Amino acid sequence: HTGQAENRRKRLEEIQKKREQQEKEEEETFRKQVEQEERLRVEKERKNQERLERVQKEREQKELEEAQRFLKEQEEEEKKREHARQQHQERVQKLREQKEKEEQEEWQKAEEERMREEKLATERRQKAWGGDKKEKGGS
């Protein structure tokens, strides 16, 4: 009878050991599964972060390029305006010079005309005086 009790006790111990071993294995499997899920979660998070950073950099790059393009266009527009303003000033200056030249020529012609008139008037007076002298001298 003690043999049977001993066998039963041994079998119960083996069953208990198997159960404990199985629980250990299940815990280990569960722990590994949790670790694997955590690694996957961390990896996924890292990839998401990298993607976010890449997208952000691309967006910043596009914004920078857009800003540079805008500034370049502004500079070109300013150059065009400056060029047009300069051409306008040159035209105005040429017109002013032309007008001054014409006025100068006009004034010069008028001055020459006045001097010619004065000369003629002087000659007439001299003739008139000269004619008087001849008449006086003749009598």
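Reader: Which residues gather in a patch of negative charge on the surface?
Author: This is a predicted model, so read what follows with that in mind. Asp and Glu count as negative, and a patch takes residues with over 30% relative accessible area and no salt bridge. The ones that gather here are Glu97, Glu100, Glu102, Glu103, Glu105 and Glu106.

Reader: Is glutamate 102 buried, partly exposed or exposed?
Author: Glutamate 102 sits in helix H1, which covers residues 2-138. Buried means under 20% relative accessible area and exposed means over 50%. With a value of 42%, glutamate 102 is partly exposed.

Reader: And glutamine 4, is that one buried or exposed?
Author: Glutamine 4 is found in helix H1 too. Its relative accessible area is 54%, and the cut-off for exposed is over 50%. So glutamine 4 counts as exposed.

Reader: What distance separates the C-alpha atoms of glutamine 4 and lysine 109?
Author: Along the chain, these two are 105 residues apart. In space, their C-alpha atoms are separated by 154 Å.

Reader: How many helices and strands does the chain have?
Author: Helix H1 takes in residues 2-138, and the chain holds 139 residues. The secondary structure comes to zero strands and one helix.

Reader: What is the radius of gyration of the chain?
Author: Start with the C-alpha trace, which spans about 205 × 10 × 5 Å along its principal axes. For a compact globule of 139 residues you'd look for a radius of gyration near 14 Å. The chain itself has 59 Å.

Reader: What percentage of the residues in the chain are buried?
Author: To be buried, a residue needs under 20% relative accessible area. Out of 139 residues, the buried share is 0%.

Reader: How much of the accessible surface belongs to carbon and sulfur atoms?
Author: The chain's accessible surface comes to about 14200 Å². Of that, the part belonging to carbon and sulfur atoms is 50%.

Reader: How far apart are the mean positions of the positive and negative charges?
Author: There are 41 positive charges and 42 negative ones in the chain. Take the mean position of each set, and the two points are 2 Å apart.

Reader: How many salt bridges does the structure hold?
Author: To count, a side-chain nitrogen of Lys or Arg has to be within 4 Å of a carboxyl oxygen of Asp or Glu. One pair that makes the cut is arginine 31 and glutamate 28, at 2.2 Å from N to O. The total for the structure is 15.

Reader: Why are arginine 31 and glutamate 28 separated by about one helical turn?
Author: Their side chains meet in a salt bridge, and both residues are partly exposed, arginine 31 at 36% and glutamate 28 at 32%. They are about one helical turn apart because their spacing in helix H1 is three residues.

Reader: Which residue does arginine 41 meet in a salt bridge?
Author: Arginine 41 is partly exposed, at 40% relative accessible area. Its partner sits four residues away in helix H1, so about one helical turn separates them. That partner is partly exposed as well, at 49%. The N to O distance is 2.7 Å, and the partner is glutamate 45.

Reader: What is the N to O distance between arginine 46 and glutamate 50?
Author: Arginine 46 is partly exposed at 38%, and so is glutamate 50 at 39%. Four residues apart in helix H1, they are separated by about one helical turn. Their side chains meet in a salt bridge, with an N to O distance of 2.4 Å.

Reader: Which residues do salt bridges that share partners join into one network?
Author: Here the bridges link up through shared partners. The network is made of Glu6, Arg9 and Glu13.

How values were computed. Residues numbered from 1 in each chain as written. Predicted model: local features only at pLDDT ≥ 70, side-chain atom pairs only at ≥ 80, totals over all residues. Heavy atoms only, no water. Patch = residues over 30% accessible without salt bridge, like charges linked within 9 Å, V, L, I, M, F, W, Y side chains within 5 Å. Areas by Shrake-Rupley, 256 points an atom, 1.4 Å probe, with all protein chains shown as cover. Charge placed at Lys NZ, Arg CZ, Asp CG, Glu CD. Helix = DSSP H or I, 4+ residues; strand = E, 2+ residues; numbered from the N terminus. Buried < 20%, exposed > 50% of the residue type's maximum accessible area, 1.4 Å probe, protein only. Rg over C-alpha atoms; globule rule 2.2 N^0.38 Å.
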